[in-house]
Every structure is written in structure tokens, then in C-alpha cells.
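Colleague: I'm new to reading protein models, and I'd like some help with the bonds and contacts. Could you walk me through them step by step?
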Amino acid sequence: MEYRPAIRFGGKGTDASQFRETLRGIAIDEADRIYVVGDSKVKVFDAQGELLRRWKTGDEGHSIAVDVDGNVWVGQWQQVEVFDADGRPVETLADPDRLGLITAIAVSKDGVLLADASARWIRRYDREGNFLNNIGEQHRKGGFHIPNGIVDFDVDAQGIVHVANPGMHRVEQYKADGEYLGYWGKFDGQDPAGFPGCCNPTNLTLDAEGHVIVTEKATPRVKVYSPEGELLTVVADEGFDPQAKNLDLAVDSKGNIYVVDTVTLEVQVFVPVTKGATA
Amino acid sequence: MSDKYTRREVLGHAARGAALVGLVGTAGVLALKANKTYAWQIDVEKCVNSKVGAWGVEVCELCATDCVLTLSAVRAVNEFSDCGRCYICPAYYKITSAVGPDGLPSEKVCPRDAIKREAIGWVDPDDPANNFYEYIIDEKKCNGCGRCIMECKEPAGLSSIKLEVRHNVCLDCNRCSIAQACPEEAYDRREPSAT
């Protein structure tokens, strides 16, 4: 398994396809369109990085997801705004008594999972917005250890929730009802199979095969693990701004990995290298 | 002009008055300095060890080496409210050193062993990572070398450790040797409230 850097798009600037100050979240729909949130805007790009459309969000977005119906969910402070594929507001899921900063979202027919970085665990709601349960609250210290200020997770085809717990240098697995299943990962500042620094991985996503793709900070790095936690490859350990952290990422249907650089405000794309193919 | 004073006497009074105002002003400035209204301080946004955006560069140790005191008046201070209380703190452990049998880095950052690591609450021996830890700086050992500040800085840490001048130790020299040496002009005399 090997990847090579392909295109970059976005970047810091005032053009419509660029970002002035922030680039925080990324998601990809079933047609491989790329949705990114930053500067209180959602911008939609095609796979070549061409801007398709954009719209403003009601509040500053910290995370983004696209559901199977094409609705776009934007995580904010104490609420989630939902738009249709063209950016028209559909609904707002607000729960100010319970929700804090929403730093990751997953939507399925079974419900909506919101990573609440203020509480340091994941909130689960049904599609009508009724609260069901928390994930991660049974941790002895009351939630995930997130010195980076975000919780990130993804859900696999079986409905298992995979969560980055950076302060413990782990990826943990849970059932949707909150039952803890286990973890893999350990600290190591030398062996790339381990997670270095104070608190890594910061972000994760899953591909169609269930591979766990993570990003790290200080120094920024992208790695792919098997579902059991075996390091398969280091996708990139250079090319990002060294000051960047909390690099959100997403995978398209072809296995291409899209990573946001939170300092240069670029989206970097890494494509799988097929054995025997020429560059 | 009245008959009481000559022109020469009036000019003389004026000159003495101006001299008096000047003396009072100078005395006032000296009194302010004597009362420590102004003191040597470190601008953490200029200091290369704490300046965000300069992570991974060479540490500046001039605060430790250039103070006239044997143990510098500059100390590292951990602001606990900003600290991540990490299991593996990059300001405490040399995070690129080999991992020991306990799963922790085998080397420490501080060459003077001035940082103490204490678990907050009970530690599960089977899962010590599932805990928060407090990092306490021993000011009797710290010489302000700045190594922990560089490692604690964003994005590696949360920038909770900063260098500060300890005014109960500082001799308040008129020409501070650290200020003379500081390449970032981060060390200057300011009102304490300005920091």
C-alpha cells in the first residue's frame, strides 16, 4: 500500500475557492464531491479541486458531514445546521443545555453522532433530534483525553464507532449504545507504528475496506492502519505546515485521501499508487 | 511690573522655578523606579522560546547564561489552567527518545531535573495512561534555560509554560545583561500590569 501526493486546492486568499482565516472540516459525498467548512462558509469542490458552489453558515463551522440524501451537516457551537445539497437551510439541531463544541459528525439511519469536544465524549441522537446516549463517558477521567481541543471519530459498515483518543495515544472502538469494545495503539516517538508527542492521533477516518486513516500533529503526518491497528503505510510526513494541527481528513470512493492543512488552508490529495503503474 | 521686583529678580525666580520642576520630575521618575513601577520583564510573544509560530527552532538559553546571578532570575512557570495535564508531556519527556519498559520515553527534557510529574488522583496500574498528570516546576532548580517552553509550545503542546522574571530575585540592574543579549528584544522594562 502506497500513496503519492496529487493536487492541492483551496489555500489562503480572497478568491472564491480560497479561505481567509480558517479551514476546519472536510467531507465527501457519494458522488465524490468534496465539502469543506471554513470562514463560516461551506465550499463544494469537484475531484479536480474546481469550486462548484458555496454558501454561508449561520455560525462558525467546526465540522462537516454529508448524509446519504445529500444533506450537509455543519457542526458548530451547541448546534448543528443542516443544509440541502444546494445550500438551502433544512433544519437546525440545537441542544444548548447538553451540547458544546461539535468537532465531528456522523449521520446514519440509526441516528446522529456528534463529537462534543466540550464534554469530551460523543452524543448520540435519533433522526428526530431526541438524545439517546453518550459514548466515552465511562472513561474514568470523564471522557476522551483531548489536549488538542477536538474529538474525532468515524463509523464503520457494522456501526462500530472508532474514536481518536490522542491523550492516551489510542484508537478506541464502541458500539453505538456506548458499550466499550477495546482499543489499539500506543505511544512511540521513534517507531512510526506508534503515536508520538503528547497527544496523537488527532483525527481519523475510515475507508471502504475499514482501514483506519489518521492524522497527527507536531510533526503533521498521515498514516493508514489495518482495522486491527497494524501500520500499513505512512502516506505523508512532509508537505504540511509544521505548525498545523487537527488536520481533518476524508476518503473518496477511489481511496483517495483528502487532508486539510489548518495553517496553509489548503486541501491536499493523496492517491493510491497501483502496483506496476507508471507515474 | 510692580515696584517690588526688578526685572532681574523676576527672571531669577522663573529660572529657579523651572529648575525645581525639573528636579521634582527627575526625583519622581527615580521614585517610580525605586518603587518598582517599572521592572524587567519578558514579552512572551517576542521570546523565541514561547513565540507561537517558531516551534521546532533552536532554543535560546540566554536568560540562563547571561544573568549576572549564579542562578538566573528567570524561571519557567507552568500556568496550570492552560496545561493539558498530559500522560506524556513533551516539556517533561524527550518524546523522541527510546521508549522504556514502562512504555514511557526514557529521557527527560530538563537538564536540571527541575520538573516534577505527579499523577492527579489514583492511578490504575493496569492503565496509567488513563489519568491526568500535573507538572510542577521546582524554582530552586530551574535556571530559565527555556527548553521546556519550546517543547510545550503550540502545536506540540498548549504553551502553558512561559518564562518569567522573578522580581524577588532580580537585582533590577540598570543595564540588564539579559536585555543586552536578547536578540528578539523580548526583555525590557515595563509596568508589571503591561504583561
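Modeller: Happy to. Keep in mind that this is a predicted model. Let's begin with polar contacts, where chain B and chain A have seven residue pairs in polar contact, both residues of a pair being at pLDDT 80 or more.

Colleague: What kinds of residues make up the side of chain B that touches chain A?

Modeller: That side divides into 18 nonpolar, eight polar and three charged residues. In the contact as a whole, 29 residues come from chain B and 23 residues from chain A.

Colleague: How much area do chain B and chain A bury between them?

Modeller: They bury about 2,100 Å², with 55% of it on carbon and sulfur atoms. On the chain B side, Asn130(B), Phe132(B) and Pro155(B) lose the most area to chain A, together 27% of what that side buries.

Colleague: How many salt bridges does the rule find across the interface of chain B and chain A?

Modeller: Two. To read a salt bridge, look for a side-chain nitrogen of Lys or Arg within 4 Å of a carboxyl oxygen of Asp or Glu. One example is Glu154(B) with Lys245(A), whose closest N and O atoms are 2.9 Å apart.

Colleague: And how many are there over all chains?

Modeller: A search of the whole structure finds 23 salt bridges. Take Lys254(A) and Asp32(A), where the closest N and O atoms are 3.3 Å apart. This pair links distant parts of the chain, 222 residues apart. Lys254(A) sits in the loop between β22 and β23 of chain A, and Asp32(A) in the loop between β2 and β3 of chain A.

Colleague: Are those two partners buried or exposed?

Modeller: One of each! Lys254(A) counts as exposed, at 59% relative accessibility, whereas Asp32(A) is buried, with a relative accessible area of 8%.

Colleague: Which salt bridges could I look at in chain B?

Modeller: Try Glu107(B) and Lys94(B), whose side chains meet at 3.7 Å, N to O. Both lie in the loop between β2 and β3 of chain B, so the pair ties together parts that are 13 residues apart in sequence. Glu107(B) is partly exposed at 39% relative accessibility, and Lys94(B) is partly exposed at 39% too.

Then find Asp172(B) and Arg189(B), which meet in a salt bridge at 2.8 Å, N to O. Asp172(B) is in the loop between β5 and α4 of chain B and Arg189(B) is in strand β6, so this pair ties together parts 17 residues apart in sequence. Asp172(B) counts as buried at 15%, while Arg189(B) is partly exposed at 21% relative accessibility. Salt bridges can also share partners, and in this way Asp84(A), Asp86(A) and Arg88(A) are joined into one network.

Colleague: What about disulfides? How many does a search of the whole structure find?

Modeller: First the idea: a disulfide is a covalent bond between the sulfur atoms of two cysteines. The search finds one disulfide over all chains. This bond joins Cys198(A) to Cys199(A), with the sulfurs 2.0 Å apart, and both cysteines are buried.

Colleague: Why is there no bond between Cys89(B) and Cys83(B)?

Modeller: Check the distance. The sulfur of Cys89(B) has its closest cysteine sulfur in Cys83(B), but because the gap is 6.2 Å, the two are too far apart for a bond. Cys89(B) itself is buried, at 11% relative accessible area.

Colleague: And how far is the sulfur of Cys142(B) from the closest cysteine sulfur?

Modeller: That distance is 6.2 Å, to Cys148(B), again too far for a bond. Cys142(B) is buried, with a relative accessible area of 8%.

Terms used. Residues are numbered from 1 along each chain as its sequence is written. Chains are lettered from A and ligands numbered from 1 in the order in which they are written. This is a predicted model: local features need pLDDT of at least 70, side-chain atom pairs count only at pLDDT 80 or more; totals for chains, interfaces and linings use all residues. Side-chain values use heavy atoms; hydrogens and water are left out. A disulfide is a pair of cysteine sulfur atoms within 2.5 Å. Buried means under 20% relative accessible area, exposed over 50%, partly exposed in between (1.4 Å probe, protein chains only). Contact means heavy atoms within 4.5 Å. Buried area is the accessible area (1.4 Å probe) that two parts lose on being put together, summed over both. A polar contact is a pair of N or O atoms within 3.5 Å; within protein, one must be able to donate a hydrogen and the other to accept it, and residues adjacent in sequence count only if both atoms are side-chain atoms. Ala, Val, Leu, Ile, Met, Phe, Trp, Tyr, Cys and Pro count as nonpolar, Asp, Glu, Lys and Arg as charged, and the others, Gly among them, as polar. Helices (H or I, at least four residues) and strands (E, at least two) are DSSP runs, numbered from the N terminus.
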